Amino acid sequence: MLINCDYVDRSRKWPNISIKVLLAVLTIGVLLWLENQAAQHSATQGPAPSVLIVSLEFRHNTFSGNGIYAISQAEGLAAQGIHVLVVCARPVVEDIAEISPFIDVIKEGLSEIALPVPMSKWGSLGMESAWEDFADAMSSVNLPQFGFVPDAILGVDWHGVGASVALVNTHNEAALGGVPIIYMSYRVFSRSGGSSAAETDFYATMERRGAQRAALTVALSQSDAAAMQSLGAGVTSVLCVREHWASVLECLPPHSVQNL
């Protein structure tokens, strides 16, 4: 399934839409989906949904829009009363093997586990980035030991989804095996291409695998949605949040609507 927020296309109806509004509406789409998931698991998970966000880039040495978007979305979800845990990367120069993961509480409802990756690979989100190190580091994260089992996992771009799968397949399979992974496509890498045909093919392969593994894919624009669909990722349905804008706002408390 793919949620297509095509109204964020700046060449169309709302040319002055801000990143804050874009992320707020993107968050609303996820909230609606999570509300349904939480209702189905209320007997075991409690009334308040919980979300795990897996993003290579977050608060530590943020260098691109991905980190800014991830921070905005995490804070937006937490502001709606959702318990958010972010697993992200943190560039270090010391011996990675000597660093154990721990939960850092950022604010009420929002915490993070920052996994060390080599500083030498930091500053890129491409195939030369620390995506493999990030995925490998998931073997050190045992979420049940931290007392956290989410209603959904949001993987940011292909490296976030890949790391999410690695997380589920390690210590957490029993607890997370049935938890849906949502592919948050902030950027379609195969669309923008790489420095070579091999690099472009690499991105297409990783994005296709991510979309095939995810229960839901979220794209930021109509053209991004079309690009993801062109990968043959098995996308079967599209929901345009713009078409449901009024009903979406009715689902939110008044203060949340004012904040948009």
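In which loop does Asn61 lie? In this predicted model, Asn61 is placed in the loop between E2 and H3. Its phi is near 50°, a positive value in a residue other than glycine. With 45% relative accessibility, Asn61 counts as partly exposed, because the buried class ends under 20% and the exposed class begins over 50%. Most residues other than glycine have a negative phi. Asp157 also has a positive phi, of about 60°, although it is not a glycine. Asp157 belongs to helix H6, which covers residues 157-168. The relative accessible area of Asp157 is 0%, so this residue is buried.

The loop between strand E2 (50-55) and helix H3 (65-79) also holds Arg59, one member of a pair that links distant parts of the chain. The side chain of Arg59 meets that of Glu112 in a salt bridge, with 2.9 Å from N to O. Glu112 lies in strand E5 (residues 110-118), and the two residues are 53 residues apart. Arg59 counts as partly exposed at 36% relative accessibility, whereas Glu112 is buried, with a relative accessible area of 2%. Arg59 and Glu112 are also linked with Asp104 in a network of salt bridges.

A search of the whole structure finds 5 salt bridges. Side chains of opposite charge can pair when their charged atoms come close. Another of these contacts is formed by the side chains of Asp133 and Lys121, at 2.9 Å from N to O. Asp133 is in helix H4 and Lys121 is in the loop between E5 and H4, so the pair ties together parts that are 12 residues apart in sequence. Lys121 has 32% relative accessibility and counts as partly exposed. A further salt bridge joins the side chains of Asp224 and Arg191, at 2.4 Å from N to O. This pair links distant parts of the chain: Asp224 is in helix H10 (residues 222-229) and Arg191 in helix H8 (residues 189-192), 33 residues apart. Asp224 is buried, with a relative accessible area of 10%, while Arg191 is partly exposed, with a relative accessible area of 47%.

Aromatic contacts were examined next. The structure holds 9 aromatic pairs. In one of them, the rings of Trp131 and Phe202 have centres 5.5 Å apart and planes at 55°, so the pair is tilted. Trp131 is part of helix H4 (residues 131-137) and Phe202 is part of helix H9 (residues 197-213), so this pair ties together parts that are 71 residues apart in sequence. Trp131 counts as buried at 17% relative accessibility, and Phe202 counts as buried at 18%. Phe202 also forms an aromatic pair with Tyr203, which is edge-to-face, with 5.7 Å centre to centre and 65° between the planes. Tyr203 is buried, as is Phe202. Ring pairs link Trp131, Phe202 and Tyr203 with Trp158 and Phe189 into a cluster. The ring of Phe189 has a further contact: the charged end of Arg187 sits over this ring, 3.9 Å from its centre.

The strands E6, E7 and E8 were considered together. Strand E6 (residues 152-156) runs parallel to E7 and is joined to it by 4 bridges. Strand E7 (residues 181-185) is in turn joined by 4 bridges to E8, and these two strands also run parallel. Between E6 and E7, Leu154 stands opposite Ile182. Between E7 and E8, the bridge partner of Tyr183 is Thr217, and Met184 stands opposite Val218.

E7 is mostly covered, with 5 of its 5 residues buried. Ile181, Tyr183 and Ser185 point one way from E7, whereas Ile182 and Met184 point the other way, and all are buried. A similar description applies to strand E8 (residues 216-219): Leu216 and Val218 point one way, Thr217 and Ala219 the other way, and all are buried.

Technical notes
Residues numbered from 1 in each chain as written. Predicted model: local features only at pLDDT ≥ 70, side-chain atom pairs only at ≥ 80, totals over all residues. Heavy atoms only, no water. Buried < 20%, exposed > 50% of the residue type's maximum accessible area, 1.4 Å probe, protein only. Pairing = 2+ DSSP bridges. Phe/Tyr/Trp six-rings, centres within 6.5 Å; stacked < 30°, edge-to-face > 60°. Lys NZ or Arg CZ within 6 Å of the ring centre and 35° of its normal. Salt bridge = Lys/Arg side-chain N within 4 Å of Asp/Glu carboxyl O.
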